[in-house]
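Here's a quick briefing to keep beside the structure while you look around. We'll go through the core, a helix, the sheet and the aromatic rings.

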Amino acid sequence: FLCLLLTFTLNAQLSGTYNVPGTYTSIVAAINDLNSLGVSSSVTIEVTSGYTETAPSGGYTLNAISGASSLNQIFFRKTGALANPLITAASGGSGTPGSAVQDGVWRFVGTDYVTIDGIDIIDPNNSNPATMEFGYGFFKASATDGCQNNTIKNCVITLNRINNASGTAPATDGSRGIDVVNALTGSHTSAVTVS
């Protein structure tokens, strides 16, 4: 009798095709499920053409996804004939190219086998340090776990050229559309000794 009164929610790994908007109300909701549930086969997140979303403060973070592999790939792609979906950077960043924690729109942390196809990014911030240092950024999760086999294609990344400050290595100067760096996301200016 007690078992009948209790309700349990079981969450399975993601598999198949999902839509934004539709299955998910936002890209961030889809990312949250990928991070927490993982995948059991290939997953496609179809983002409707013309869709717009403002990234959360600090940007999106897609971690190493449980189950992702060459057979179980993850796709975020535009669907429909209108303009590419557009992600707008959050306002009010505080980092610079010389900061340990830099501002970006989408972070990949030890993430493997992800393709972003036809999803644009724009940074409307027009003063420093509010501007973004990167659109899509690829970081190591540890000295033994970097991003592998990822693709960004058919995307327009518009960042503000006013962000032209000097970077502290391994970070480079100014803003970068796609940033591939030998660093952890919380210590962008410290190179990782790969083991």
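Start with Leu34: setting aside neighbours within four places in sequence, it is in contact with Leu14, Val39, Val43, Leu62, Ile65, Ile74 and Phe76. Keep in mind that this is a predicted model. Leu34 is also among the residues with the most contacts inside the largest nonpolar core, which has 33 residues.

**The core**
- Besides Leu34, the residues with the most contacts inside this core are Ile27, Ile45, Leu62, Phe76, Ile87 and Trp106.
- At least two core residues come from each of these elements: strand S1 (14-20), helix H2 (27-37), strand S2 (39-48), strand S4 (60-63), strand S5 (74-79), strand S7 (104-109), strand S8 (114-117) and strand S10 (134-140).
- Helix H2 is the top contributor here, giving five residues to the core.

**Helix H2**
- Which residues of H2 are buried? They are Ile27, Ala30, Ile31, Leu34 and Leu37.
- These buried residues sit on the same side of H2, because they cover an arc of only 155 degrees around the axis.
- Right after H2 comes Gly38, and its phi is positive, near 75 degrees.

**The sheet**
- Four strands make an open sheet in the order S4-S7-S10-S13, and the pairing is parallel.
- S4 and strand S13 (176-184) are the edge strands; each has a single partner strand, so one side of each has no neighbour in the sheet.
- From one strand to the next, the twist averages 15 degrees.
- H2 packs on this sheet and touches S4 and S7, with its direction at about 25 degrees to that of S4.
- Five bridges join S10 and S13 in the parallel sense.
- If you want to find that pairing by residue, look for Phe134, whose bridge partner in S13 is Arg176.

**Aromatic rings**
- Searching the whole structure turns up eight aromatic pairs.
- One of them is Tyr18 with Tyr24, a tilted pair at 5.8 Å centre to centre with 50 degrees between the planes.
- Are Tyr18 and Tyr24 buried or exposed? Tyr18 has a relative accessible area of 14% and Tyr24 one of 8%; the cut-off for buried is under 20%, so Tyr18 counts as buried and so does Tyr24.
- Elsewhere, ring pairs link Tyr60, Phe76, Trp106, Phe108, Tyr136 and Phe138 into a cluster.
- Two members of that cluster, Phe76 and Trp106, also appear among the residues with the most contacts inside the largest nonpolar core.

Definitions and conventions:
Residues numbered from 1 in each chain as written. Predicted model: local features only at pLDDT ≥ 70, side-chain atom pairs only at ≥ 80, totals over all residues. Heavy atoms only, no water. Core = buried A, V, L, I, M, F, W, Y, C linked by side-chain atoms within 4.5 Å. Buried < 20%, exposed > 50% of the residue type's maximum accessible area, 1.4 Å probe, protein only. Contact = heavy atoms within 4.5 Å. Arc of directions from axis to C-beta. Phe/Tyr/Trp six-rings, centres within 6.5 Å; stacked < 30°, edge-to-face > 60°. Pairing = 2+ DSSP bridges. Axes fitted to C-alpha atoms, helices over the stretch in contact; angles between N-to-C directions.
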